[in-house]
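Dear colleague,

I am handing over the structure below, together with some notes on what turned up when I went through it. Please read the notes with the structure open beside them.

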Amino acid sequence: MRKNICSVLCGGAILLGVAACAKAPAEAEQAGGAAAVSQETKVEASNGKKILVAYYSYSGNTKAVAGQIAAALGADLFEINTVETYPSAYGDLVDQAQREIKAGFKPQLSGRVENMAQYDVVFIGSPNWWGTVAPAVSSFLSQYNWEGKQVAGFFTHGGGGMQNCGRDLQRQLPGAKLLSPVAFAGRSSGAPQKELQAWLTQLGLK
């Protein structure tokens with residue numbers, strides 16, 4: 001049933017007046033477990049800025065896009081994981097996501113970025129859940145000082161598009177300069193290369 005998750009979280013605009021998360025593939029990853037820098041290239045981008053790509057991924061789509069961005073820019077990669085695993089059952093996940101978002105709930109995370117102050121640019125990745133960022137991402141954003149940093153949001157979706165993701169991300173980043181965000185249609189292989197490269201070029205980071 002997880003492959004149909006978009007019918008409420010993504011395509012729920014028809015039934016519930018809301019939309020949005022990344023489309024879940026048949027073999028989707030679960031959130032949870034120890035969070036860590038899963039890929040650390042120790043390489044700075046060509047413009048000399050130290051870059052981090054941090055993301056939360058329920059189905060694997062946001063993870064795939066994050067990996068492509070990190071590879072293109074020589075950035076460090078950090079996966080946001082929750083202590084409590086989200087349910088795999090379709091209905092249970094939909095209900096829990098809705099409750100958390102309505103309540104402004106921020107789940108406990110299982111890891112932190114060491115020395116966030118070293119990064120000049122931070123990419124934040126999230127599936128579009130009910131038209132906004134996933135609660136795990138809100139938890140992540142609340143843990144750090146964003147003053148003076150450049151932040152670029154990227155979102156995956158199953159048909160809902162950007163919706164309020166960019167706006168809601170900006171609201172949680174006091175003092176940061178929000179670069180133009182982007183939304184990619186959910187697919188397990190990640191973002192279309194031409195679209196991704198065009199976006200990075202637009203940001204002046206490629």
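Trp130 sits in the loop between E3 and strand E4 (132–133), and in this predicted model its phi is positive, at about 50°, although Trp130 is not a glycine. With a relative accessibility of 10%, Trp130 counts as buried, because the cut-off for buried is under 20%.

A positive phi also appears at Gln163, where the value is near 50° and the residue is again one other than glycine. Gln163 belongs to the loop between E5 and helix H5 (165–171), and its relative accessible area of 38% makes it partly exposed.

Helix H2 covers residues 61–73, and for these 13 residues a rise of 1.5 Å a residue leads one to expect a span of 18 Å, which agrees with the 19 Å that separates its end C-alpha atoms. The buried residues of H2 include Asn61, Ala64, Val65, Gln68, Ile69 and Leu73, and the buried residues of this helix pack against several elements, among them strand E1 (51–55), strand E3 (121–129) and helix H6 (193–203). Just after H2 comes Gly74, which takes a positive phi of about 65°.

Helix H6 also holds Glu195, which counts as partly exposed at 37% relative accessibility. Leaving aside neighbours within four places in sequence, Glu195 is in contact with Ala183 and Phe184; Phe184 is 11 residues away from Glu195 along the chain, and the C-alpha atoms of these two residues are separated by 8.8 Å.

With best regards

How values were computed: Residues numbered from 1 in each chain as written. Predicted model: local features only at pLDDT ≥ 70, side-chain atom pairs only at ≥ 80, totals over all residues. Heavy atoms only, no water. Helix = DSSP H or I, 4+ residues; strand = E, 2+ residues; numbered from the N terminus. Expected span 1.5 Å × (residues − 1). Buried < 20%, exposed > 50% of the residue type's maximum accessible area, 1.4 Å probe, protein only. Contact = heavy atoms within 4.5 Å.
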